[in-house]
Structure formats: C-alpha cells, structure tokens
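Open the structure in your viewer and keep the selection tool at hand. The stops below can be followed in order, each with something to select and something to look at.

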Amino acid sequence: MLEIGSVVDGKYKILNKIGQGGMSVVYLAINEAANKPWAIKEVRKDGTKDFEVVRQGLIVETDMLKRLNHPNLPSIVDVIDRDDTFLIVMDYIEGKSLNSVLKENGAQPQEYVIEWAKQLCDVLGYLHSRKPPIIYRDMKPANIMLKPDGNITLIDFGTAREYKNAGKLEDTTCLGTQGYAAPEQFGGHGQTDARTDIFNLGATIYHLVTGHNPAKPPYEMRPIREWNPHLSSGLEQIILKCTQPNPEMRYQSCSELMYALDHFEEMDYEYQRSQKLRFAAFALTLGASLLLFTASGFMHHKETVYAKQNYGTYFDLAKASTSEDEFTENIESALDLNATNSESYNLILEKYIDEFNDEEGKGSILTKAESEKINKIINKQSSDSVETRLEKFRAADEYGYYQFCYNYGLEIWADIDNGSNSAKTWLEKVEPYSDGEINNNKDYETAQLLISLSNYGNSNSGGNKFDNNIDYVQFWKDLKSIFEKASDAETVSTKKTQLYAYKRILSMLSNNDNMNGFYGVIEAKNITKLIDDIEKEVTDKSKFNPNDQAIESAYNEVITQIEIARDKFQTISNNHSGEQNLPSKDSSSDDESGGDPE
C-alpha cells in the first residue's frame, strides 16, 4: 500500500485513504505545485491473481476514459505502471455515492431523481455517440457520485465496452449487477447495446425514487406507485418502458428518454384527465361535430407549437441528428429560443469536429469550411434583439463564453492555421476570468502564449532574410513556455493540441529567418536539447491513441518535422562554419547555463 505522506512520481503527495474495493485502494493526493487534489487508484500486483489480465482491463478502461470529455465524467490524467503496483491518477470527485445517500436517507425526492436521471441520460447519450459507441453496462447508485453542488459524476468504467456491430448475436461474458442488469447482459439473450444502458438507468431511477433495491431478492421491479401513490404516474410509465425485457419495447435512444423525462408531467393520468375535461368543455361550447373536429386539430396544432417552443426538445433533436442539415435546423431553432446556454455552443464544436467532416480520412478535425459554418451560426443576429447570439451568450455567461472561445481558438490553431489571425481572434477573447473553483487562469495563460507565437507569424514563411524587429530572446522564451505547457498533462486539453504545439515549435525553429535570428543569442546545445526533449515526449506512440486518424496524422507530421529541424541545424552549421556559438547537431548537453536567457 502507498504510505501516507509519500510522494508518487515526484508530484503527487498521498494525503489519506478514501476507499477500498476487492482489488484496489483509492487515495486522496495533491499536486502541491498546482495545488490541485487528485484521486489515485492503486492495484497491487502481489495481491491480485492473474494480474496481467487485470492490468489489461485497467489499460482498456483508462484508455477509454482518456478519450472522453464530459462534465459528468471523471478525467484520467496519469497512469503509472510500477514494479509492485499499477496506479491510475484521476479527478478527485468530492461528495458521496447515491448508494450511500439511499442508505442514509432512503427514497429520494422525485424532483431530485428526475434531475439526476436527466444528467445520466445526457452522459449516456454522449457515450453512445462516440465512434464506436461506448456501452456503460453497469449503471447503479454505487457508481454515481453526488457532488456538493447537486450534480452527479458517473464513475467505474470496468465493465464498459465499445460496441462493434460485426454480426455478433450475443455477448459471451456475463457482466453487470443483478437486479439492474438487462436480460441480454446474462448471455444467450442478445448483444448489449445502447438500450441495455437505458434498462440499467430505469432500474437505477426505480431504486432511487422508491428506496427498494432491485438487486436484492426477489429481484423485481413493481410499479412505483404501489410503494408510494404520491409519485408521478408519468414517471412510473417511463420506468416501466425503460425496463422492458425486450429491447425493442424500450426507449430506443437516450434522446427519446430525455424527451420523456422533460415531459413526464404531461404523461400523468391526472394531467391527461384534466386535458380531456378541458377539451370536452370546449367541444360542448362549440356544440357541433364539425367544430369538434376543428377543435381537435386546434389542440394538435397547439401541442405542436408548444413542442417547437421548447429549447430542450430542439437541443435533444440536434444532439441526436446524424446529418449536417438536420443538425443545423435543430440547433438554429434551439438558439432562437435560448442563445445563452453554453451546451449549445459546445455541441456545435463537437458535431463539426467529430461528425461533419469535409475532409475524408482526416479523422476528428475542424476544417476551414466547417469553421465558416460555425461562425455563421453563432454570429447570426438573435431573433428577439439586435445582438448576435454570441453577444447574448457573453452577456449571460462570461465564463462559459470564455471557455468556448478558448476551445474554438485552440481547434482552429491546431487543425487549420497553427497560429494565424483566425485562431488569434478567438484566443484574444479569452479573459483572465476565474469563478474561484473551476478556472484557475491556465486557459488564459495558454491563450496568451499561443497569441505570442502568432505574432511571430511573419517570420515563419521561409526565406533567408533576417528580421531585425523580432526579439529573439523573448521568442525563445515563448517557444520553451509553449513546450512546457504542452507537456503538462494538467494543462493541455487534448493530445492533438499537444502534438500540434510541438509541430508549431519545430516548424518555427526550422525556418531560415528564425535560425539566423537565434544564432548569436541562444546556444546551439540548448536549441538542440529542445528538439531532443520534443522527441522524448513523442517516443511512446501508444499514448497518443494511434487509432485516431487526426492524431496519427499529427504524430507523423511531428516526427517528420523533427528531422527537418535537425537538417536545418546542419545547414546553418555549414553556413556559419568557423563562427562562434555555432548551433551544433551533436550538442545535446542538459546544461543550459550560459547562453539560454531566463
């Protein structure tokens, strides 16, 4: 076991033990340099049978989580494979599991459960939209953390898998928790898919709202109003549909389930009865069968108008859209109703990066054409004012606005122009804003460094003309700062961004103007060391997820650029033969004293 007070990997100080399972122990640790808490999950090799099998499962789980980015999911920041233990460093989730909440307080208020269910439905929808889809398969209160702010986080991806529709008729392994698990999880009843998670979620809602555990004998779920007649009949219908034994009888997608949760009150028997009474009174007033037909059409029209005016409905439809035209129509309608919700802007980025790709075979990237489409959507004048949608967004949610601008600018910088004015325009919108909890200004600091690199853009176009207007001492400091930030797992947001940062540094170093500019103010061994350090960072190709086409392409570009940079050093060496402070390909000393300005 890890010792309290010990320091792991030179940066994570162990504070105390916060949990223990059958194969692992979880500790609370802190990165003192960043003043940020982390959770470290330890699996000891000497206490686990068939550890290699367990290890492979942990690697699959961590690799899966590393590729995900959702507010209701934890982030994996580090994996440390030591001689005696396997350590996973992840977000520390403050709070308690919903299983603990149930044990302490019993059945939870219906309004709380529905809000949690919506968050879980959203995160499952996100997992199912991955390529390939990820099926969670073990939804239950014990795997849901309730944070102090009332939001939840889904943990433990030990049984999750990527869905591969390759003619497989059923799962070969029985996974999941009895009582919450769907029939197809026990083998011989078909293959698990997105509808399996919908069953699990229905069982979880049942447990939370009734306090009766379906994982205990007799392993059944009865209509919830048999336990509590004050519960909504609409919610009862939703749970019953979620937990149908036949997957074809369940909700077929999380967007369907989300819509039902948003409108559960309209499914109540009492609500439907009142609507019928209102309709009957209206029909009697008109007093004719023809007018009755007209009234029916009118009611249907009103219902349609109501649905179209609901922002959540349009957002869910946009999220589930599979074509660009369908997505654009739905997200435009959602923004017309509410232009201030950050989830809409984040969804626009996600869709255009991951799904609506104009360059086949390029993987998850943002193209110039897609960026122009995004700009057209977000800069459209709002339907109810002279402000654009983006201006309304900023006025309502500054932090969300700054985050969007940073993420958008970062994607443009990485995928499109590596630092030209279009990326700079968005990065300049990021302000040194902090809400005291989430943002600690790292986004702002990184944005400023990328902007500073953009300011050197005119000297990155090739040629041999030396630019006397550039402060090459400061230029060198900026390049090193970008390298340090790109190599910090707690700062850089994606591996793609990291690789493109390395590529940008190398391309600027390889430029003839810059080489001549650095000559005389920076020692050659220090420039060579920076190239060597970049090469060390990318030596282990596996940590860059080579299955992603965009990352694979960026990785290959960095490898090529390393060789180009070294060849440029050789050229400069020949051009300045016999002169002092010559950049040398063989000068790779780690000693940076005397010549590398601090």
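Two strands count as paired if DSSP finds at least two bridges between them. With that in mind, and remembering throughout that this is a predicted model, begin by selecting residues 76–81, which are strand β5, together with residues 85–91, which are strand β6. These two strands pair in the antiparallel sense over five bridges, and they form a hairpin in which three residues lie between β5 and β6. To find one rung of this pairing, pick out aspartate 78 and look across to β6, where valine 89 is its bridge partner.

Next, move to an open sheet of three strands, whose order is β7-β9-β10 and whose pairing is antiparallel. Select residues 96–97 for β7 and residues 152–154 for β10, which are the edge strands, each of them pairing on one side only. Then add strand β9, residues 144–146, which pairs with β7 in the antiparallel sense over two bridges. Which residue of β9 stands opposite serine 97? It is methionine 145.

For the third stop, select residues 495–510, helix α19, and residues 524–537, helix α21, whose axes are 11 Å apart and which pack at an angle of about 155°. Because angles over 145 degrees count as roughly antiparallel, that angle makes α19 roughly antiparallel to α21. The crossing of the two helices is left-handed. To see what makes the contact, show the side chains of Gln498, Tyr502, Ile505, Leu506 and Leu509 on α19, and those of Ile527, Leu530, Ile531, Ile534 and Glu537 on α21. Sorted by class, the contact of α19 with α21 has eight nonpolar residues, one polar and one charged.

Finally, colour the chain by pLDDT, which has an average of 78 over the chain, with 75% of the residues scoring at least 70. Among the elements of the chain, helix α4, at residues 194–210, has the highest mean pLDDT, 95, whereas helix α9, at residues 289–308, has the lowest, 47. Two stretches also deserve a selection of their own. Over residues 166–173 pLDDT stays under 50, and the model has 14 contacts beyond four places in sequence for them. Over residues 580–598 pLDDT likewise stays under 50, and here the model has 50 contacts beyond four places in sequence. Where pLDDT is low, the predicted coordinates should not be read in detail.

Methods
Residues are numbered from 1 along each chain as its sequence is written. This is a predicted model: local features need pLDDT of at least 70, side-chain atom pairs count only at pLDDT 80 or more; totals for chains, interfaces and linings use all residues. Side-chain values use heavy atoms; hydrogens and water are left out. pLDDT is the predictor's confidence in each residue, from 0 to 100. Helices (H or I, at least four residues) and strands (E, at least two) are DSSP runs, numbered from the N terminus. Contact means heavy atoms within 4.5 Å. Axes are lines fitted to C-alpha atoms, for helices over the stretch in contact, and angles run from 0 to 180 degrees between N-to-C directions. Angles under 35 degrees count as roughly parallel, over 145 as roughly antiparallel, 65 to 115 as roughly perpendicular and the rest as oblique. A crossing is left-handed if the near helix is turned anticlockwise from the far one by less than a right angle, and right-handed if clockwise. Ala, Val, Leu, Ile, Met, Phe, Trp, Tyr, Cys and Pro count as nonpolar, Asp, Glu, Lys and Arg as charged, and the others, Gly among them, as polar.
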